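Q: Please take a close look at one part of this chain for me. Start at a single residue, then work outward to its surroundings and to the rest of the fold.

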Amino acid sequence: MALTLYVDTARWRAHQKHMLEQFPGIVPVCKGNGYGFGHERLAEEATRFGSDVLAVGTTYEAARIKDWFSGDLLVLTPFRRGEEPVPLPDRVIRSVSSLDGVHGLVGARVVIEVMSSMKRHGISEQDLPHLHAAIEDVRLEGFAIHLPLDRTDGSDAVEEVIGWMDRLRAARLPLHTMFVSHLKAGELVRLQQQFPQTRFRARIGTQLWLGDHHATEYRGAILDVTQVAKGDRFGYRQQKTASDGWLVVVAGGTSHGVGLEAPKALHGMMPRAKGVARAGLATVNRNLSPFVWGGKQRWFAEPPHMQVSLLFVPSDAPEPKVGEELVAHLRHTTTQFDRIVDR
């Protein structure tokens, strides 16, 4: 019995097709845990819909995925001198975000990242006069810009890209290809119309693989059910049950990513109030699990174990049975399934 990722394959692929139509020349991204699907599965999907390049996060990921994807591999993490050398084929393209990085990759295929309003990494405007000579020693595949998701200052993503296009053109740098992230389809059309000689390629991961929330579903199988009465002691810490009900052992624990949560950016009073309420409940060992039974998310009876979770289901809910499955609301990018089932 397992934590299973169920995929409505036809629906999932229909969404992929829609994205391919909206973003011609899309560069699918496969990094981290493969957005919950795994590297091998996403490499197969990218091959199936005919992508010529697949973006990965690190050189280590490129070394693994090269055996599953025969096209070019674009490493998104910028090259740094002194990094551990990883044997990679010539079809791997490295990202660089500094002049030193360009000089350190003589003869290599490179994409040069420019500094966006993300202020994470990238070539600065002051570097451009020196870049023209530096790129003579590399095989330039294009430039790239990684944009923020939110623009709370009201600025325009397209205008930010145009600003960089103008700077690169003024520096007489080749603009045959520009890789972009976090642009809408309409924004990409605007750029392509303004710069018809440049090919704009959108690097997309989350929206491509996880854009249709109804195409996938995690479910954890019930492994054991024990009926308990109010006041019964249970678990590693021998806490007492608050009422009559059942202790339910369900597949899915910390090794799967259950109970792990990435920090969230909260906007507005209501989300902040809910965050405070959750933190308050956690101080008295009340933590809501991602598992749903009888139409409600159920509470962890105690912190999740390595491979299973222990839940408390009150007596007014339907009685759980061994072998049944609970829907689990889990974050794809932090979850490792036991098995994947296409249906």
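A: Thr 9 sits in helix H1, which covers residues 9-22. The model is predicted. Thr 9 counts as buried, because its relative accessibility is 13% and the cut-off for buried is under 20%. Leave out the neighbours within four places in sequence, and Thr 9 is in contact with Arg 41, Asp 342 and Arg 343.

Two of those partners turn up again among the charged side chains. Arg 41 and Asp 342 belong to one network of salt bridges that share partners. The network also takes in Arg 13, Glu 45 and Arg 48. Thr 9 thus touches two members of this network, Arg 41 and Asp 342. Side chains of opposite charge can pair when their charged atoms come close. Across the model, the count comes to 21 salt bridges.

Three individual pairs are worth a look. Arg 167 forms a salt bridge with Glu 125, and the closest N and O atoms are 3.6 Å apart. Arg 167 lies in helix H6 (residues 157-170). Glu 125 lies in the loop between strand S6 (109-114) and helix H5 (128-134). The pair therefore ties together parts that are 42 residues apart in sequence. Arg 167 is partly exposed, at 30% relative accessible area. Glu 125 is also partly exposed, at 44%.

The next pair is Glu 160 with Arg 151. Their closest N and O atoms are 2.5 Å apart, and they form a salt bridge. Glu 160 is buried, with a relative accessible area of 15%. Arg 151 is partly exposed, at 22%.

Lys 321 and Glu 319 make the third pair. Their side chains meet in a salt bridge at 3.5 Å, N to O. Lys 321 counts as partly exposed, at 43% relative accessibility. Glu 319 counts as partly exposed too, at 42%.

Now a buried acidic residue. Glu 113 lies in strand S6. Its relative accessible area is 4%, so Glu 113 counts as buried. A polar atom of the Glu 113 side chain lies 3.2 Å from the backbone nitrogen of His 146. Residues up to four places away in sequence aside, Glu 113 touches Val 96, Ser 97, His 121, Gly 122 and Ile 123. Ala 144, Ile 145, His 146 and Arg 203 complete that list. His 146 therefore appears twice: as a residue touched by Glu 113, and as the owner of the backbone nitrogen 3.2 Å from a polar atom of the Glu 113 side chain.

Step back to the domains. The domain assignment gives domain 1 as residues 3-210 and domain 2 as residues 217-336. Their C-alpha centres lie 38 Å apart. Nine residues of domain 1 are in contact with 15 residues of domain 2. The size of an interface is often given as the accessible area lost when the parts come together. Here domain 1 and domain 2 bury about 1000 Å² between them. Carbon and sulfur atoms carry 58% of that area. On the domain 1 side, Leu 3, Tyr 6 and Asn 33 lose the most area to domain 2. Together they make up 59% of what that side buries.

What holds charge and polarity at this boundary? The count of salt bridges between domain 1 and domain 2 is zero. Seven residue pairs are in polar contact there, with both residues at pLDDT 80 or more. Strand S1 (residues 3-7) gives the most to the side of domain 1 that touches domain 2, with four residues. That side divides into five nonpolar residues, three polar and one charged.

Last, the whole chain. The protein chain has nine helices and 18 strands. Its C-alpha trace spans about 75 × 45 × 40 Å along the principal axes. Of its 343 residues, 46% count as buried. Take the contacts with a separation of 6 or more: residues 24 or more positions apart account for 67% of them.

How values were computed: Residues numbered from 1 in each chain as written. Predicted model: local features only at pLDDT ≥ 70, side-chain atom pairs only at ≥ 80, totals over all residues. Heavy atoms only, no water. Domains from an automatic or database assignment. Contact = heavy atoms within 4.5 Å. Buried area = accessible area lost by both parts, 1.4 Å probe. Salt bridge = Lys/Arg side-chain N within 4 Å of Asp/Glu carboxyl O. Polar contact = N/O pair within 3.5 Å; in protein donor to acceptor, adjacent residues only side chain to side chain. Helix = DSSP H or I, 4+ residues; strand = E, 2+ residues; numbered from the N terminus. Nonpolar A, V, L, I, M, F, W, Y, C, P; charged D, E, K, R; others polar. Buried < 20%, exposed > 50% of the residue type's maximum accessible area, 1.4 Å probe, protein only.
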